[in-house]
Amino acid sequence: MMLSSINNSFEQDTHDVDANCDGPDLDFLYADVDSYQNEIAELYSYTEFSEFQMNVKAFEDQMELYDLPPNWQKQDAASQRSIVMKLVDQLEVSDRAFRMQAARCILYLAQGCWAEVQSDEEQHQNTRDNVIVLYQLGVFSSFIDLLNMEIETACSPDIVAVKITNVTLVDSTDIRVILSVLYIITETIRDEREKGSEDYKQLAESFVQEINSPLSDGELLAVKLLGMITRFCSGAAPQFPMKKVVLLLWKVSLLGLGGMDVLKNLKNEYRSKVGLDPITEDTLEVTKCMRASSPPATATDILENQYPKRNFKRSLMKQRFLDEPEQIDMDQMGNEGGPNANNGNTSTGSNTGNGEDELSQYYRPFDDPSASTSGNNSNTATANPNNQPSLTQPAAAVPAVQITARLPWTPKVRQKDIDQFLDISRNKFIGYSLIGDHESLAGLPQPIHEGFKTLQRHMYVSLADMQIKKEEDIARNPISTHEDEIKLTPAEILYQAILPNLPQYMIALLKVLLAASPTSKSKTESINIMADVLPKKMPLTATQSTKLTVDMGRHKEIIVKAVSAIILLYLKHFKINHVYQFEFMSQHLVFANCIPLVLKFFNQTITEYVNTKNSIPLLDFPSCVIGEQPDLSGDSFVYGGEMSDKPYSWRNVFSCINLLRILNKLIKWKHSRVMMLVVFKSAPILKKTLKVRHAMMQLYVLKLLKMQTKYLGRQWRKSNMKTLSAIYSKVRHRLNDDWAYGNDLESRPWDFQAEECTLRACVDRFNLRRYPEATQKCGAGGAGNNGTAAQNAENAQQSNMHAGNGSANSGGDRDTNGYGNGSSGGATAGSGQQQQQLHDYGVEGGFPSDEILTHSDFAFFGHSGWWDRKVELTDYFKANYAVWLEEEVYNSQTDWDAL
């Protein structure tokens, strides 16, 4: 059997998620960012507390120098502007100490002059007013120049040689001041723009234009920040404060490109331009109507909870699945007895609290767009399967529960699926096929006609399909096909700017994400992302040690949040701008092992990670500097978990959803990448993630499980029927999609390499035509970046052959694209060879090791490094080329049937 070894690897994972997983429903609302107060507070580490007083001291010294009272609020508007202009001039002096004193003074103004206020609201209002003055007088551009100076100084060889070891908070003092000012201005303008403030309207528009335009040195601000991350990861600047850099990069990109609302409008605008209907279903809105469901428990878990002292045989596990129809009937009968049977809160005290949810939990009242337009709304208007008050009628007594067949999504089908349906039908009933004919139904029976009409009614043409079709027309008829003028949208400007070094940027972001992952192991050779947290003197008391531990955990969580948001934002905007821009970035993320990295991130107790609150509210800005400060020792030391009323951490849930969305975008419609999920044994990891009771997170997990269900074997599907039911009820249906069985013709493993190579060829052709100079720079950089890409690729190929993958089968082995012969090579390769090959690619036990991203740009794809490698032929080969051609090509007989 083709996938026998993979199926065997899931023998241990034969049942649904374990019991005791019923936690509270998370009232988390997914958005572009958290609240303004939280986003500003996360800019500072708790170890930076002492530096706030340095800002006040700098301001008082400057006021004394100007012979003015040290009170900003007592100055009139003209005096305030005069002071800011003097400070801007002082930023250009050669004396570093004098220059940084002015920078700290401006930081104090940007922080809202907190020493002069008594409440957080006053401080926020001061920040809001001061940012307008600071930006209008050119503070932002002046601090960009300061940042350039700091980057040049930090990357000098002498500085690197001195500070390569034992980097602490002190080494990044000045650059943290600069980044803090830039971040506060950016975040304040973004927040006021989102609120629609009139006094910020023109200022926000000019600011967006500024960050979307090249700086004086010709670089975008986002590219400059990406370069800082790359230099940090290469060891050239280990003192760069990574948390502040990635936070500023995230907010600059979010403000320059636009958030979820901008993406939605852009998508509909681009669709209308190519003659497509606008999107009526929004994922965020639909998931708000979904109810989170508890993953079902096994029969053994339920029985052990009821009778903990008794042991039951393994055969009892299967009985529950045989009695499922009766169980559903019993649930319905029980629900009819009480008026609040389906109130959305699962009772943890009942017998079924740790077991399966009611079937009605999978359904919520959601209007099907296709049904609403048909005019038959009389029956659906009264259907209320969850006893929820309707928005169109007053809350009243609702009759017994009615389980409706309505699903939250309108089914879709691709043109490719319709063509396949017609081709199979023609061959079956008539015995011929019409290549290129999408509509002819001559000779086919009436049921086929009805099925064809149903498929056509649900056919969905994506914007990517239109863009790919346009590219194919240009490649086929380059002279006669007219190419539209390239519009310089923000996403287009960013893509052109990062294209020459995009592989290095993706690797750097993933390195930072790996170092911040809670499952990564600290090693001496890995990058030190804690440089802007660790104080010069280590803590001596237990309270100080606890505070530092919380601060380090908080620091990592913020970095994961920012990096995941950056990657997702770029992927979404590039996909709308042009699908091949998205595919280019996606391939480099895949080559840099983003897929196993994300799986490794989720290979933890994800419910604990979601509920972990590494925060001390008393130390968050501005609470730590406004009002009387308590003594943080002994009983007064209170964690965020004890003071917050929410049972989850906003940033951790946000990070998890972002990573799941990234994984979905990388893998969707890519069968070779789906096989990576299978090889890395992602099913049990993803099933554990279903314990988090949040509808949106569960939706993306179920999508990932749906993609690989056909490869997991019949036994896995049989033992996880409740998971399949959740997939059926929550994930969009693709008509003719044989996702629950292994009969799909597209699941042939020998096509995997061809799929990736064809995609890469299309992307390269697109880049070479539209951006020839940047593409050549990208190729040169990829080939000679660190000199090890080609070497590692060659070593990986040799290790494949040593692992017993067979020289006679070498053609097929190359097609596996490094996923292991256990997934596609038949009976000749066992699980031992698969594990050996995974180990050769830096994967231990199915998950990536911490050095996996430091090997090369394309470490995982064993032969993909050859795509960018320039092969130099030897003089001997050139001299004897004719002989080689005669012997190896012309006189060589190839048995193509055998291949």
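Guide: Ground rule before we start: buried means under 20% relative accessible area, exposed means over 50%, and partly exposed is anything in between, using a 1.4 Å probe with protein chains only. This is a predicted model, where local features need pLDDT of at least 70, side-chain atom pairs count only at pLDDT 80 or more, and totals for chains, interfaces and linings use all residues. Residues are numbered from 1 along each chain as its sequence is written, and side-chain values use heavy atoms, leaving out hydrogens and water.

Visitor: OK, so why is Lys681 called partly exposed?

Guide: Its relative accessible area is 26%, and that falls between the 20% and 50% limits, so partly exposed is the label. Lys681 sits in the loop between α30 and α31 (682-689); helices here are DSSP runs of H or I with at least four residues, strands are E runs of at least two, and numbering goes from the N terminus.

Visitor: What makes the backbone at Lys681 worth a look?

Guide: Phi of Lys681 is near 55°, a positive value in a residue other than glycine. That comes just after α30.

Visitor: And why is α30 said to be largely enclosed?

Guide: Helix α30 covers residues 671-679, and 9 of the 9 are buried, so the rest of the structure largely encloses it. The roll call is His671, Ser672, Arg673, Val674, Met675, Met676, Leu677, Val678 and Val679.

Visitor: How do you know that α4 has the span it should?

Guide: The expected span is 1.5 Å times one less than the number of residues. With 14 residues (77-90), α4 should span 20 Å, and its end C-alpha atoms are 20 Å apart, so the two agree.

Visitor: Which helices do the buried residues of α4 pack against?

Guide: They pack against α3 (49-65), α5 (96-110), α6 (120-136) and α7 (139-154), where contact means heavy atoms within 4.5 Å. The buried ones in α4 are Ser79, Gln80, Ile83, Val84, Leu87, Val88 and Gln90.

Visitor: How do you know that Cys113 is in no disulfide?

Guide: A disulfide needs a pair of cysteine sulfur atoms within 2.5 Å. By that rule the count is 0. For Cys113, the nearest cysteine sulfur is that of Cys105, 8.6 Å away, so that pair fails the 2.5 Å cut-off.

Visitor: What else is there to say about Cys113?

Guide: Its phi is near 50°, positive in a residue other than glycine, and it lies in the loop between α5 and α6. Cys113 counts as buried because its relative accessibility is 0%. Cys757, at 25%, is partly exposed.

Visitor: What makes the patch with Leu434 a patch?

Guide: Patch members need over 30% relative accessible area and no salt bridge; nonpolar side chains (Val, Leu, Ile, Met, Phe, Trp, Tyr) are joined within 5 Å, like charges within 9 Å. A salt bridge is a Lys or Arg side-chain nitrogen within 4 Å of an Asp or Glu carboxyl oxygen. This nonpolar patch is about 310 Å², made by Phe429, Ile430, Tyr432 and Leu434, with areas from the Shrake-Rupley method. Leu434 has 31% relative accessibility, so it counts as partly exposed; its place is the loop between α19 (415-429) and α20 (446-457).

Visitor: Why does Ser425 count as buried?

Guide: At 6% relative accessibility, Ser425 counts as buried, since the limit is under 20%. Ser425 is in helix α19 and touches Ile430, Leu444 and Ile448, not counting residues up to four places away in sequence.

Key:
Accessible areas come from the Shrake-Rupley method with a 1.4 Å probe; for residues, only the protein chains shown count as cover.
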